[in-house]
Amino acid sequence: MSPSALTDLDQHDRVPAAPSNGVHLPNGHLSTTVLNGHARTAFLLDRNLHKSFPVVERGSGSYLYLKDGRVIFDATSGAAVSCLGHGNKRVFKAISAILSTGIPYLASTFWACEVVEELCKKLIDGTGGKMARVYLTGSGSEAMEAAIKLARQVFYENDPATRRVNFITREGSYHGNTIGALAMSGHPVRRAPYEPFLMDNVHHVSACNAYRQRADGESDSSFVARKATELEAKFQELGPETVIGFVAEPVVGAALGCVPSVPGYLKAMRDVCHKHGALFILDEVMSGMGRCGTLHAWQNEDVVPDLQTVGKGLGGGYQPVAAVFISSRVVNTLLNGSGQFVHGQTYQGMPVQAAAALEVQRIVEEENLVGNVKRQGLYLEKCLRSRLADHPNVGDIRGRGLFWGLEFVKDKATKEPFDPRLGVAQRVHDTAISAPFNMTMYPGTGTVDGFRGDHVILAPAYNVTEEDIEHIAQVTSNVVHQVFRKLGSL
Ligand SMILES: Cc1ncc(COP(=O)(O)O)c(C=O)c1O
C-alpha cells in the first residue's frame with residue numbers, strides 16, 4: 001500500500017507551504033528557521049533549544065507528511081497517543097458538531113453537559129461496571145494529581161486528623177511532570193532539578209522487572225512473592241496506618257520501555273494494600289484504553305484498582321483529555337461525607353474534549369480495535385523476535401498488545417548496558433526517523449538504574465494491518481542492525 005493511497009485529507013486540508021527560509025508573521029518577525037525541512041523555533045520554548053526538528057505538514061492514518069517531502073510511518077502514535085492514527089474524519093466531525101453548538105467550553109462549576117455524561121457512562125460501561133465514576137482532566141499529569149488528592153481525601157473525610165500521609169510508588173516509573181506526579185515518579189533524571197521540593201511522603205519499592213530482577217530459574221509465583229514481601233516490609237517500615245496507597249503502572253511505559261508486570265503481581269500488590277486498608281492505584285495513562293490488548297490493562301488479570309488514571313489513548317490526540325476512574329469504595333466515602341472533591345481546574349470536562357474522546361471510544365468499540373491490538377500485537381511480537389531475538393545487542397523484547405519495548409545491552413550475557421555517553425537509544429531513534437528508514441521509534445534511557453540503559457518503544461495505531469506490522473518489524477530490524485554495526489566500528 002503506497003502512503004499516498006492512504007491519504008484521505010482533501011487538498012484544501014493541506015497546510016500551505018511555508019517559505020523555505022522561515023515563516024513570517026504579520027509584524028515581520030521570523031518565527032521559525034526552516035532549513036532542509038528542519039525547524040528551530042525562535043519564540044516557542046521547545047523541548048530542546050539546541051536541536052531542530054523535522055517540520056510536519058500533515059498526517060493521515062499511520063503516516064506523517066514532512067515538509068522535506070518524506071513520508072514517515074508513525075510506529076509510536078507520537079508518544080502512544082494517536083491510537084486511531086492521524087486525520088480521522090469521524091472525530092473531526094464530532095468536534096465540529098460540538099463546536100457548532102457554541103459551547104466548546106462550559107464552566108463545570110455551574111453547568112452540566114450531555115456529551116460529558118455520555119462519555120463518562122461509556123467509560124464506566126467499559127469497566128463492566130467495576131468502577132463507579134469518572135473525573136475528567138486535561139492531561140495525564142493532572143489525572144495523577146487528582147488521584148493523589150482524591151486518595152488522601154478518602155481518609156481525611158472520615159478523620160481530618162488521619163495519619164495517612166504516605167504513598168508507596170516504584171523505582172523505574174513515570175507518573176507525570178507536575179510536582180505531585182513527579183514526586184510519585186521513580187525517574188531520577190526528570191526528578192533531579194526539582195528534588196529539593198518534591199514531596200518527601202513518597203517512598204519507593206522496586207519495579208516488577210522480570211528481565212533485570214528475576215533470579216535464574218525463579219518461578220512467577222516466587223518472584224511475585226518476593227515483591228509482595230518487599231511491599232509488606234515497606235508498609236511495616238512506614239507504619240501501615242500511615243499509608244494512603246500504592247501506585248503502579250501495570251505495564252511500565254517511558255521509564256522502562258514496556259515492562260509488563262509478571263502474572264499474579266497486581267493481585268499480590270492489591271492484597272497487601274487492602275490488608276492494610278490502603279488504596280491500590282494504577283496509572284494506565286500510557287498502557288490503558290486498549291493499548292495493551294484489553295480496554296484496561298488491569299482487565300488482563302481482572303484485578304480492579306481503587307483508583308485508575310488514563311490519558312493518551314482516551315482522546316487519541318484529537319483533544320487533550322485524561323481521566324481518573326474511581327471505584328465505588330472511594331465514591332461512597334465522598335457521598336457519605338462532604339459530597340465534594342476538594343479539587344478542580346478551569347479546563348475540566350470540556351464538551352469539546354468529551355465529544356472527541358467519546359467518538360474515539362465509539363470507533364475503538366465499533367471497529368473492534370482492541371481485538372485488533374491483541375491480534376496484531378501477537379504478530380508484532382513474533383515478527384520482532386524472529387528478526388531480533390538473536391541480535392547480540394538486543395537484551396530483551398517485551399511488551400503487551402501494541403506496546404513493545406526493545407532493551408539494548410552491550411553484553412547480552414551479563415546484561416551490561418552501554419555507556420550513556422554513546423546515546424544509544426537516541427541514535428536508534430535518529431536513524432529510524434531518517435531516510436531511508438522513515439519511521440518513528442520512541443527512545444528512552446535510564447532503563448537499568450535511572451541513569452544507565454537504553455530502550456525504544458513501538459506503539460503503533462490500533463488499526464494497523466499485518467502488512468504494517470511486517471513493515472514495522474523489518475524497519476526496526478534494519479535500523480538496529482545498522483546502528484550497532486556503526487557503533488561497532490567506532
Ligand atoms: C504512565 C504515565 N503517567 C502519567 C503521564 C503524564 O501524562 P501527561 O504527559 O499527559 O501529563 C505519562 C506521560 O507520558 C505516563 O506515561
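Here a biologist and a modeller talk through a predicted model, from its domains to single residues.

Biologist: Let's start with the layout; how far apart do the C-alpha centres of domain 1 and domain 2 lie?

Modeller: Happy to begin there. The domain assignment gives domain 1 as 1-73, domain 2 as 93-366 and domain 3 as 368-490. Between domain 1 and domain 2, the C-alpha centres are separated by 35 Å.

Biologist: In the sheet with the order 5-6-7, which strands stand at the edges?

Modeller: This is an open sheet of three strands with antiparallel pairing. Its twist averages 25 degrees from one strand to the next. Two of the strands each have a single partner strand, so one side of each lacks a neighbour in the sheet: these are strand 5 (56-60) and strand 7 (71-73).

Biologist: Staying with that sheet, which residue of strand 7 stands opposite tyrosine 65?

Modeller: Strand 6, residues 63-66, pairs with strand 7 in the antiparallel sense over three bridges. Opposite tyrosine 65, in strand 7, is valine 71.

Biologist: Now to asparagine 209: is this residue buried or exposed?

Modeller: Asparagine 209 sits in the loop between strand 10 (202-205) and helix 7 (210-213). Leaving out residues up to four places away in sequence, asparagine 209 touches Arg214, Phe223, Leu256 and Val259. The relative accessible area of asparagine 209 is 4%, and the cut-off for the class is under 20%, so asparagine 209 counts as buried.

Biologist: And methionine 269, what is its relative accessible area?

Modeller: Methionine 269 belongs to helix 9, residues 265-275. Not counting residues up to four places away in sequence, methionine 269 touches Lys227, Ala228, Leu231, Phe246 and Phe280. Methionine 269 is buried, and the relative accessible area is 1%.

Biologist: Which residues touch the most other members of the largest nonpolar core?

Modeller: That core has 94 residues. A second, separate core has 29 residues, among them Leu150, Val154, Val202 and Ile244. In the largest core, the two residues that touch the most other members are Phe246 and Phe408.

Biologist: How many residues of helix 12 are buried?

Modeller: Helix 12 covers residues 351-366 and reaches 22 Å from its first C-alpha to its last, close to the 22 Å expected at 1.5 Å a residue. Just after helix 12, asparagine 368 has a positive phi of about 45 degrees. The helix is mostly covered, and of its 16 residues the number buried is 13.

Biologist: Turning to the sheet with the order 17-18-20-19, which strands are at the edges?

Modeller: The sheet is open, has four strands and shows antiparallel pairing. Direction ignored, neighbouring strands are turned by 20 degrees against each other on average. Since a single partner strand leaves one side without a neighbour in the sheet, the edge positions belong to strand 17 (394-400) and strand 19 (442-445).

Biologist: Which residue in strand 18 does isoleucine 397 stand opposite?

Modeller: Strand 17 and strand 18, residues 403-408, are paired in the antiparallel sense over six bridges. In strand 18, the residue opposite isoleucine 397 is leucine 406.

Biologist: One more, please: what angle does the direction of helix 13 make with that of strand 18?

Modeller: Helix 13, residues 369-388, packs on this sheet. Helix 13 touches strand 17, strand 18 and strand 20 (454-458). With the direction of strand 18, the direction of helix 13 makes an angle of about 20 degrees.

Key. Residues numbered from 1 in each chain as written. Predicted model: local features only at pLDDT ≥ 70, side-chain atom pairs only at ≥ 80, totals over all residues. Heavy atoms only, no water. Core = buried A, V, L, I, M, F, W, Y, C linked by side-chain atoms within 4.5 Å. Buried < 20%, exposed > 50% of the residue type's maximum accessible area, 1.4 Å probe, protein only. Expected span 1.5 Å × (residues − 1). Pairing = 2+ DSSP bridges. Axes fitted to C-alpha atoms, helices over the stretch in contact; angles between N-to-C directions. Contact = heavy atoms within 4.5 Å. Domains from an automatic or database assignment.
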